[in-house]
Amino acid sequence: MAEPIILEYYEHGDTHEVAVLLDEILTGQLRPYVTAVAIEISMDHKDSHREMTSVLVSDLYGRVVTSKDIVKGFDILLENLPDLQLDTPEAPTILGNYLARAVADDCIPPKYVTKPDNLETLNEYALAAIKRADTLLHLKQGWAHLDNVWGMGGPLRPVKFITKQMTLLLQEYLSSRDIQEAHRCLRALEVPHYHHELVYEAIVMTLESLSQTTEEAMCELLKSLENTCMISPAMLS
């Protein structure tokens with residue numbers, strides 16, 4: 001049930017919308033699977049999507065899931081690592097990154113990584129993930145560096161850079177009127193949770209142009225983005 005919601009989240013980047021949808025469909029016993037499913041899905045995606053998943057876990061904490069739910073989700077993933085690494089050989093490293101980030105975000109207690117209760121029963125891949133997380137947590141830079149644990153992906157680029165790229169995208173669209181190319185360029189930026197900035201820039205450009213042609217073109221673009229779930233109705237209101 002959660003998989004379509006997670007995949008749509010990768011398009012619109014709205015954690016609030018995910019929380020509302022999950023709250024409607026999840027019972028208490030299913031909540032630990034939210035973390036497990038979200039992280040497992042992200043293993044087949046880019047680092048920018050993994051950053052979004054870390055943000056999602058953090059935002060759902062305290063609203064949809066508890067710390068115990070998140071811990072149980074990681075328990076499930078650690079147990080399943082022998083199977084996960086068959087399709088994703090780097091799965092232990094990926095999960096180690098998630099564990100360290102969850103500790104840094106105060107979603108799970110540090111002792112889950114530094115002093116695991118079930119150390120003697122963990123499989124070799126789970127041990128590798130725990131070791132990876134422990135190493136990251138003990139780097140001399142402190143936990144602040146874990147905000148960049150997924151590298152300088154799309155969501156971590158400076159906002160001014162993203163805004164400039166969106167302005168250029170809109171200018172090129174007004175010149176070519178190629179909606180599909182505009183969609184492709186927007187996806188390439190890999191910043192779905194900044195798509196509201198595109199809406200804002202489109203409105204500003206329309207108002208400044210005082211042109212009905214520009215207004216019609218922008219409306220057509222925004223409507224197409226809404227229809228493909230690249231922007232949410234809330235971004236247009």
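In the predicted model, D83 has a relative accessibility of 54% and therefore counts as exposed, the cut-off for this class being over 50%. The residue belongs to helix α5, which spans residues 67-87. Together with E3, E40, D44 and D87, D83 forms a negative surface patch. A second surface patch, nonpolar in character and covering about 390 Å², comprises M1, I25, L30 and Y33. Of these residues, Y33 is located in helix α3 (residues 32-42). With a relative accessible area of 43%, Y33 is classed as partly exposed.

The secondary structure of the protein chain consists of 13 helices and 0 strands. Its C-alpha atoms occupy a box of roughly 70 × 40 × 30 Å along the principal axes. Among contacts with a sequence separation of 6 or more, 75% involve residues 24 or more positions apart. The chain contains 237 residues, of which 46% are buried. The exposed area amounts to about 12300 Å², with carbon and sulfur atoms contributing 53% of it. The chain carries 19 positive and 36 negative charges, and the mean positions of the two sets lie 6 Å apart.

Across the whole structure, 5 salt bridges were identified. One of them pairs R31 with D23, with a distance of 3.4 Å between the closest N and O atoms. R31 has a relative accessible area of 15%; because this value is under 20%, R31 is assigned to the buried class. Its partner D23, at 37% relative accessibility, is partly exposed.

A further salt bridge links the side chains of R50 and D47, with an N to O distance of 2.9 Å. Both residues are part of helix α4 (residues 47-60), where a spacing of 3 residues places them about one turn of the helix apart. R50 is buried, its relative accessible area being 8%, whereas D47 is partly exposed at 37%.

E181 and R184 also form a salt bridge, in which the closest N and O atoms are 2.8 Å apart. These two residues are separated by about one helical turn because they lie 3 residues apart in helix α10 (residues 179-189). E181 is partly exposed, at 32% relative accessibility, and R184 is likewise partly exposed, at 46%. In addition, a network of salt bridges connects E51, R101 and D105.

Terms used: Residues numbered from 1 in each chain as written. Predicted model: local features only at pLDDT ≥ 70, side-chain atom pairs only at ≥ 80, totals over all residues. Heavy atoms only, no water. Patch = residues over 30% accessible without salt bridge, like charges linked within 9 Å, V, L, I, M, F, W, Y side chains within 5 Å. Areas by Shrake-Rupley, 256 points an atom, 1.4 Å probe, with all protein chains shown as cover. Salt bridge = Lys/Arg side-chain N within 4 Å of Asp/Glu carboxyl O. Lys, Arg positive; Asp, Glu negative; His and termini not counted. Charge placed at Lys NZ, Arg CZ, Asp CG, Glu CD. Helix = DSSP H or I, 4+ residues; strand = E, 2+ residues; numbered from the N terminus. Buried < 20%, exposed > 50% of the residue type's maximum accessible area, 1.4 Å probe, protein only. Contact = heavy atoms within 4.5 Å.
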